[in-house]
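User: Please take one part of this model and go through it slowly with me, as I am in my first year and still learning to read structures. I would like to follow the contacts between charged side chains and then see where they sit in the fold.

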Amino acid sequence: MEVLARFRPDPQLVAGMDSIAIEETDTALYSTSPAGLVPEEWFEPRMLTSATFAGSFCDIAHSETVAALWPEFQPRATAALGLSDFDGSALQNADVRPLTQAVGERLYRLTTKEGTPLIDGIRFLSRFGADQELWTVFEQPSDGVRSPLLTGIATVPLSPALDPVQAAMTTLGLTTDSD
């Protein structure tokens, strides 16, 4: 859902395009992709991966997490970024990416007295819907090719024929150029 959202049709643009009278010769010379179209070639270099993971994860939207982070991040959220507060909505606000990156970096740097990472990643909900649960697994310098917290890794080429992709495309009102 997250990576496909950029293809959503903009309602104002669609309405504006619908009001334009397009001549047939212009269509041939200056073709435009319809709104909400995901080109087939967009899928080709991408993979869909699932895995089982173990570890200690921080639920970023939990009220205790937001309260614990509030003293450090409230000044930045309000003074520097113009938000009304540092709260759960700030953590889902796409317009303040520097804030969410700073929170992620702060959580990544939490360690025990011995220097062991305190948490292995973050659990958060998508800004596109609370039914979309997302996880970030923190990479560590000692991880090698992949985190040892990930097991049962299964990877398949991303395709619009896959059920989760079809569901996301339906939700977002998207089609492919093969439809």
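Analyst: In this predicted model, Glu72 and Arg106 are joined by a salt bridge, and their closest N and O atoms lie 2.8 Å apart. The pair ties together distant parts of the chain, for Glu72 belongs to helix 4 (residues 63-80) and Arg106 to helix 5 (residues 97-108), with their positions 34 residues apart in the numbering. Helices here are DSSP runs of H or I with at least four residues, strands are runs of E with at least two, and both are numbered from the N terminus. A salt bridge means that a side-chain nitrogen of Lys or Arg is within 4 Å of a carboxyl oxygen of Asp or Glu, and by this rule the count comes to four. Side chains of opposite charge can pair when their charged atoms come close.

Glu72 counts as partly exposed because its relative accessibility is 41%, and Arg106, at 34%, falls into that class too (buried is under 20% relative accessible area, exposed over 50%, partly exposed in between, with a 1.4 Å probe and protein chains only). Another of the salt bridges joins the side chains of Arg109 and Glu105, at 3.1 Å from N to O. Here Arg109 is exposed, with 55% relative accessibility, whereas Glu105 is partly exposed at 41%.

A further pair leads into the strands: Glu133 forms a salt bridge with Arg123, and the closest N and O atoms are 2.5 Å apart. Glu133 is in strand 5 and Arg123 in strand 4, ten residues apart, and this pair also links distant parts of the chain. Glu133 is partly exposed, with a relative accessible area of 43%. Through shared partners, salt bridges join Asp59, Arg123 and Glu133 into one network.

How do strand 4 and strand 5 pair? Strand 4 (residues 121-126) runs antiparallel to strand 5, and six bridges connect them, where pairing requires that DSSP finds at least two bridges between two strands. Phe124 stands opposite Leu134 in strand 5, and Gly121 has Val137 of that strand as its bridge partner. The two strands make a hairpin, with two residues between them.

They belong to an open sheet of three strands, in the order 3-4-5 and with mixed pairing. Strand 3 (57-59) and strand 5 (129-137) are at the edges and have a single partner strand each, so one side of each is left without a neighbour in the sheet. On average, neighbouring strands of this sheet are turned by 30 degrees against each other, direction ignored.

Stepping back to the whole chain, the protein has six helices and seven strands, which follow one another along the sequence as α-α-β-α-β-β-α-α-β-β-β-α-β. Of its 179 residues, 25% count as buried. The C-alpha atoms fill a box of roughly 70 × 45 × 25 Å along the principal axes.

Two notes help in reading these values. Residues are numbered from 1 along each chain as its sequence is written, and side-chain values use heavy atoms, with hydrogens and water left out. Because the model is predicted, local features need pLDDT of at least 70 and side-chain atom pairs count only at pLDDT 80 or more, while totals for chains, interfaces and linings use all residues.

Technical notes: Axes fitted to C-alpha atoms, helices over the stretch in contact; angles between N-to-C directions.
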